[in-house]
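This report describes strand pairing, one buried side chain and internal space in a single model. The sequence and structure come first.

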Amino acid sequence: MPQITRQGGKIKAPEAPRIPSVLRPAGDVELEDDAILKGLSFDGQTFVGLQAEAVEADGCSFANVRFTGTDLRQTQFSDSKLNTCDFSQMSAGDVSLIRCVVDGSRLTGSSWKSGTFRDARFSNCVATPGMFRHMKIYATVFEDCRFTGIDFQFTEFHNVKFVNCDLTGAQFGNVKVGSMRIENCTLLDVGGGTNLKGTTVAGPGSMELALSLAREAGIVFE
């Protein structure tokens with residue numbers, strides 16, 4: 001059973017991105033196989049329905065960029081900021097975010113598989129629903145995100161924190177938790193709650209999670 005408490009479960013904050021103080025405008029730079037994007041500023045570009053493999057983005061800023069329906073494989077974003085971007089319906093296989101900030105972005109219908117989030121921060125993002133399966137998530141914070149129906153099955157969580165998120169209907173089947181804190185989140189109808197051993201839950205969501213656990217155990221309240 002997960003640890004359900006209102007105090008404790010301190011989680012280390014992720015490292016901030018190391019972005020150069022001066023970035024070059026990306027202009028018409030393409031998102032294509034083996035592209036190396038370094039020290040670039042993207043603003044308003046459209047990468048819709050593209051397919052790209054082995055892209056490396058390092059020390060970049062992405063603002064208002066559309067990745068809608070894009071198919072990315074074996075790609076890494078490092079030391080970058082992604083603000084108000086659209087990742088809806090994106091397929092991301094073995095895509096990693098290392099020391100990245102994702103803010104105000106849309107991930108609805110996106111599918112992330114077998115990648116890594118390390119020292120990442122997601123704020124004010126929407127994924128209703130989204131899929132993050134077989135991921136490895138380290139030193140990452142999800143804050144003020146709407147993740148109703150999100151699928152985290154088979155994912156590993158190490159030093160992860162959810163704050164003020166809507167996790168209604170989230171699926172945690174077969175997850176592995178090293179350390180995780182869920183604070184002031186909505187946890188109605190969560191699936192796979194019995195796999196959350198090693199998680200500290202603070203705030204009103206603790207009772208919601210308890211009810212989900214009782215339901216999984218076949219307990220009926222009258």
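## Strand pairing, a buried residue and a cavity

Strand 4 and strand 7 (residues 61-63) are paired in the parallel sense over 3 bridges. Strands here are DSSP runs of E of at least two residues, and helices are runs of H or I of at least four, numbered from the N terminus; two strands pair if DSSP finds at least two bridges between them. The model is predicted: local features need pLDDT of at least 70 and side-chain atom pairs count only at pLDDT 80 or more, while totals for chains, interfaces and linings use all residues. Residues are numbered from 1 along each chain as its sequence is written, and side-chain values use heavy atoms, with hydrogens and water left out.

Phe42 stands opposite Phe62 in strand 7. Strand 4 also runs parallel to strand 2 (residues 24-25), joined by 2 bridges, and Arg24 lies opposite Leu40. The side chains of strand 4 (residues 40-43) alternate: Leu40 and Phe42 point to one face and are buried, whereas Ser41 and Asp43 point to the other and are not. Buried means under 20% relative accessible area, exposed over 50%, and partly exposed in between (1.4 Å probe, protein chains only).

Further along the chain, strand 15 pairs with two strands, as tabulated.

| Strand pair | Sense | Bridges | Opposed residues |
|---|---|---|---|
| Strand 13 (residues 116-123) and strand 15 (residues 136-143) | parallel | 6 bridges | Phe122 and Phe142 |
| Strand 15 and strand 16 (residues 156-163) | parallel | 7 bridges | Val141 and Lys161 |

Ile182 belongs to strand 17 (residues 176-183). Its relative accessible area is 1%, so Ile182 is buried. Leaving aside residues up to four places away in sequence, Ile182 touches Phe162, Leu167, Leu187, Thr199, Thr200, Val201 and Ala202; contact means heavy atoms within 4.5 Å. The C-alpha atoms of Ile182 and Thr148, 34 residues apart along the chain, are separated by 15 Å.

A search of the whole structure finds 1 cavity of 30 Å³ or more. A cavity is a set of points, on a 1 Å grid over the protein atoms alone, where a 1.4 Å probe fits but cannot get out; lining residues have an atom within 4 Å of a point. The largest cavity has a volume of about 40 Å³, a volume being the space filled by probe spheres set on the points. Its lining consists of Phe77, Leu82, Phe87, Leu97, Val102, Leu107, Trp112 and Phe122. Strand 9 (76-83) and strand 11 (96-103) each supply at least two residues of this lining.

Technical notes: 1 Å grid on protein atoms, 1.4 Å probe; cavity = no way out; pocket = protein on both sides within 12 Å on 5 of 7 lines; lining within 4 Å.
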